[in-house]
Amino acid sequence: MKYVLVSGGVISGVGKGIIASSTGLLLKSAGLTVTSIKCDPYINIDAGTMSPIEHGEVYVTDDGGEMDLDLGNYERYLLTTLTRDHNITTGKIYQQVIERERVGRYLGKTVQVVPHITNAIQDWIERVAKIPVDESGREPDVCIIELGGTVGDIESAPFIHAISQLQRRAGKNNFAQIHVSYVPVIHDEQKTKPTQRAISDVRSAGLNPDLIACRCELPLEESTVQKIANMCSMDTKQVVAVHNVSTTYHVPLLLEKQKLIGTLGELLDLPSITRDAQTVEQGKLMWKDWVDLARGQDHSHDTVSIALVGKYTALKDAYISVSKALEHAAMYCHKKLELIWVDAGHLEEEASETNPAEFHKAWHAVCTADGLLVPGGFGTRNTAGMIQAITWARTKKRPFLGVCLGMQLAVLEYARNVMNIEDCGSEELHPQAKNHAIVYMPEVDKDKLGGTMRLGKHASIFQPGTEWSRLRALYGSDVSQISERHRHRYEVNPEMADEIEKAGLTFVGKDTTGQRMEIVEIKDHPWFVGVQFHPEYLSRVLAPSRTFLGFFAAAAGCLEEATAALNKGLRSIPTQQ
């Protein structure tokens, strides 16, 4: 097994995840099988109970793991399927070690950070790195390990010590490190001192970077590259510049231009790895498709505006998979995405008095957007504004997509405003309501929050008589069911389902029991779709989510073309010559 460690210095949030994912993509394009692991030093068992505004979205894997958002980057870039074990946290490691200690696995020894915690980290990495991540079932050739946070953080110390030992375990030519550093510009001068200090810190911690990825606003000047190489005792080819680009999809192209794979090939003796001819050919085709789509975005002129009406818009990473899924759809349609972030609270009547400027700005965005999206979330805050936006989309025949909470609110809005059900609410949002259109799922533990929702991949069955469905058409006439990832505690009240359908809101998809509502759609509407699952989790750059693609294409006025292209198996809508 070959390992590539991606660590960070100077400051956090400089793009380690994108650089790790881009490195993996380049390795995969060279015909290698690649897997990824994220090490998060926080004590939480997983990201499931963290605030989206503080930590960003919770990403969900097929097996129901609630993960750090960088796992989404890995899957999107590498077209891989990861598991909950591909995200290691301090909480998981300590929980494992303590459980072992309780049953006497350490033979009476004093359990310590070194060697017990550090050995547990290494053992976990070595075990998970061997898990197949694609249909070939092969053990991966290379494992990308991203170390969260910044080297020097006190909570990172056990991971750094463990990985320095892993380097010795792996042996010569089996371990390489990319250290991501930030190069600030002060008074028009690119400053190298922070990077010098960062490399000194990581070396003193027991690791010796082989490559420095320098994040910067503008391309690094040659003199800056030379100075960093000299002061850090490296060759200039070991200093890689990652400046700001139009989209993150250009980062792999930037690294490829600087011959990153050639340098890693020398460090890891990659030519010695036997590669399957079919995998090599698939890698070449994948890279060609990636380059074509990424560069195609630079030549797209038609702009499609999507208003995202949410409650966590203060931090864009809270909806990162949603925004990426929209980007994938835009690339497929050869359009430019204009994503308008609308705080749902600004749409509510109270805001018209307390903050009239934001109220009018928010409603202007909703009323002028080509499409309206209401994503998932928890709690009552701002949901009244979401419902008002849904009413607008439904009555004005504006393309609409509701995801998870967004679907539930669409059902609730319909029950209230079309069916006129008295005192209708959601058991989550309006516990005292007389009639609940949305109820707590009976099998969910109400008292324990972490990992107790309906999580992971589940099937949705298209129902008889729904052949008219615009969403269903995107999958082709021969597809009777789909599988998508879920994360929810509440569901449409099954006792109300027949009544709601008779009123015109059709449950196009249900679960395998036929009792849980998965997909709703209005027939007499350009695109009004709600899904209980999270289709954004399975959207890929080279394989966009069909749910998001249909929504975006409807907003762009090219739904028929997108449906035809998908059913022909094309990577994108054909462009006119």
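A disulfide is a pair of cysteine sulfur atoms within 2.5 Å. Keep that in mind for the exercises on this predicted model, where local features need pLDDT of at least 70, side-chain atom pairs count only at pLDDT 80 or more, and totals for chains, interfaces and linings use all residues. Residues are numbered from 1 along each chain as its sequence is written, and side-chain values use heavy atoms, leaving out hydrogens and water.

**Exercise 1.** Find how many disulfides the structure holds, and look into C143 and C232.

*Solution.*
- Step 1: the count of disulfides is 0.
- Step 2: for C143, the closest cysteine sulfur is in C39, 8.7 Å away, so it is too far for a bond.
- Step 3: for C232, the closest cysteine sulfur belongs to C214 at 8.1 Å, again too far for a bond.

**Exercise 2.** Decide whether C143 is buried or exposed (buried is under 20% relative accessible area, exposed over 50%, partly exposed in between, with a 1.4 Å probe and protein chains only).

*Solution.* C143 has 0% relative accessibility, so it counts as buried.

**Exercise 3.** Work out the strand order in the open sheet of 3 strands, and which strands stand at its edges.

*Solution.*
- Step 1: strands are DSSP runs of E, at least two residues, numbered from the N terminus; two strands pair if DSSP finds at least two bridges between them.
- Step 2: the order is β16-β17-β20, with mixed pairing.
- Step 3: β16 (424-426) and β20 (490-492) each have a single partner strand, so one side of each lacks a neighbour in the sheet.
- Step 4: β17 (residues 435-440) pairs with β20 in the antiparallel sense over 3 bridges, and Y440 has Y490 in β20 as its bridge partner.

Notes
Helices (H or I, at least four residues) and strands (E, at least two) are DSSP runs, numbered from the N terminus.
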